[in-house]
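Here is a quick tour of one protein chain, meant to be read with the model open in your viewer. We start from a single residue and work outwards.

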Amino acid sequence: GLPRPELIRMDNHKWDRHTHGLSTDGLFDAIITDPPYSIREGARKSGKKGGCHYTVDEDRRATHLASTQSYRVEEVMLDLLHTAARCLAVGGRMGYLIPAPLDLDYSVDLPEHPCLSFERGCHQQLSVRHGRHLVVMRKTKEYQEADRLAYDAYRRRVLEEAAAVTAAMAEYDALQKNEPCGSKTGTAAEKEEEDDEECNND
């Protein structure tokens, strides 16, 4: 049979710390992953908000629990593509799962990277509107400095847009909570009318 594969478990967000600065370009032929998306349980990454630097004594390393902070889904995906572009051999593939609506457009809705091309995707329906998609990407070229700069700019833009959307949603939620008692949104009122009609028709 096939030889037992070598498996590595680590915090993707702290890749450089784990590898101690050693080159890992082209280390893997394939990456298969199901990233945390903060839907049921919030994703976490090593570190603290604002940064923290400390040294753990050797006699405490075995029992030390590293500090963690929240890990937004946008940052999870951006880190995933960056690491895949670094660590896959040219021609290597990455397969990952992502929850999304069934009408997900692979050519528009997925994050991009200059060294990775979309190869194929398929979905598993979990509800009437949502499912889980398997996305396969292939590394098409070496990760050069120009690609890194372009991806850094893309990363900043994605995170800024995500932060703007989050702020807008928070503002909307705050406005909804400040509505006078007894008032209902149009959607809630329409739902009650629909329920009343169903009761009257029974």
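## From one residue outwards

D147 has a relative accessible area of 9%, so it counts as buried, the cut-off being under 20%. Keep in mind that this is a predicted model. D147 sits in helix α3. Leaving aside residues up to four places away in sequence, D147 touches P114, C115, K141 and E142.

## The two helices

D147 has company in α3: Y151, Y154, R155, V158 and A162 are buried there too. So what covers the buried residues of α3? Part of the answer is α2, which is included in that cover.

α2 itself is mostly covered, with 12 of its 15 residues buried. If you want to pick them out, the buried ones are E75, V76, M77, L78, D79, L80, L81, T83, A84, A85, R86 and C87.

How do the helix lengths hold up? At 1.5 Å a residue, the expected spans agree with the distances between the end C-alpha atoms, for α2 and for α3. Here are the numbers:

| Helix | Residues | Expected span | Distance between end C-alpha atoms |
|---|---|---|---|
| α2 | 15 residues | 21 Å | 21 Å |
| α3 | 33 residues | 48 Å | 48 Å |

## A pocket to look at

The second largest pocket has a volume of about 530 Å³. It is lined by 20 residues, and those closest to its centre are V73, M77, I98, D109 and P111. Which elements give two or more residues to this lining? They are α2 (73–87), β4 (88–101), β6 (130–139) and α3 (145–177), so both helices from the table turn up here. M77, one of the residues closest to the pocket centre, is also among the buried residues of α2.

By class, the lining of this pocket has 15 nonpolar residues, along with two polar and three charged ones.

## The chain as a whole

Zooming out, the protein chain has four helices and six strands. Read from the N terminus, the order of elements is α-β-β-β-α-β-β-β-α-α.

Of the 202 residues in the chain, 26% count as buried. The accessible surface comes to about 14,800 Å², and carbon and sulfur atoms account for 52% of that. As for contacts, take those between residues at least 6 apart in sequence: 71% of them join residues at least 24 apart.

Technical notes: Residues are numbered from 1 along each chain as its sequence is written. This is a predicted model: local features need pLDDT of at least 70, side-chain atom pairs count only at pLDDT 80 or more; totals for chains, interfaces and linings use all residues. Side-chain values use heavy atoms; hydrogens and water are left out. On a 1 Å grid over the protein atoms alone, a cavity is a set of points where a 1.4 Å probe fits but cannot get out, and a pocket is an open set with protein on both sides within 12 Å along at least five of seven lines; lining residues have an atom within 4 Å of a point. Grid points are joined across faces, edges and corners, and a volume is the space filled by probe spheres set on the points. Ala, Val, Leu, Ile, Met, Phe, Trp, Tyr, Cys and Pro count as nonpolar, Asp, Glu, Lys and Arg as charged, and the others, Gly among them, as polar. Buried means under 20% relative accessible area, exposed over 50%, partly exposed in between (1.4 Å probe, protein chains only). Contact means heavy atoms within 4.5 Å. Accessible areas come from the Shrake-Rupley method with a 1.4 Å probe; for residues, only the protein chains shown count as cover. The expected span of a helix is 1.5 Å times one less than its number of residues.
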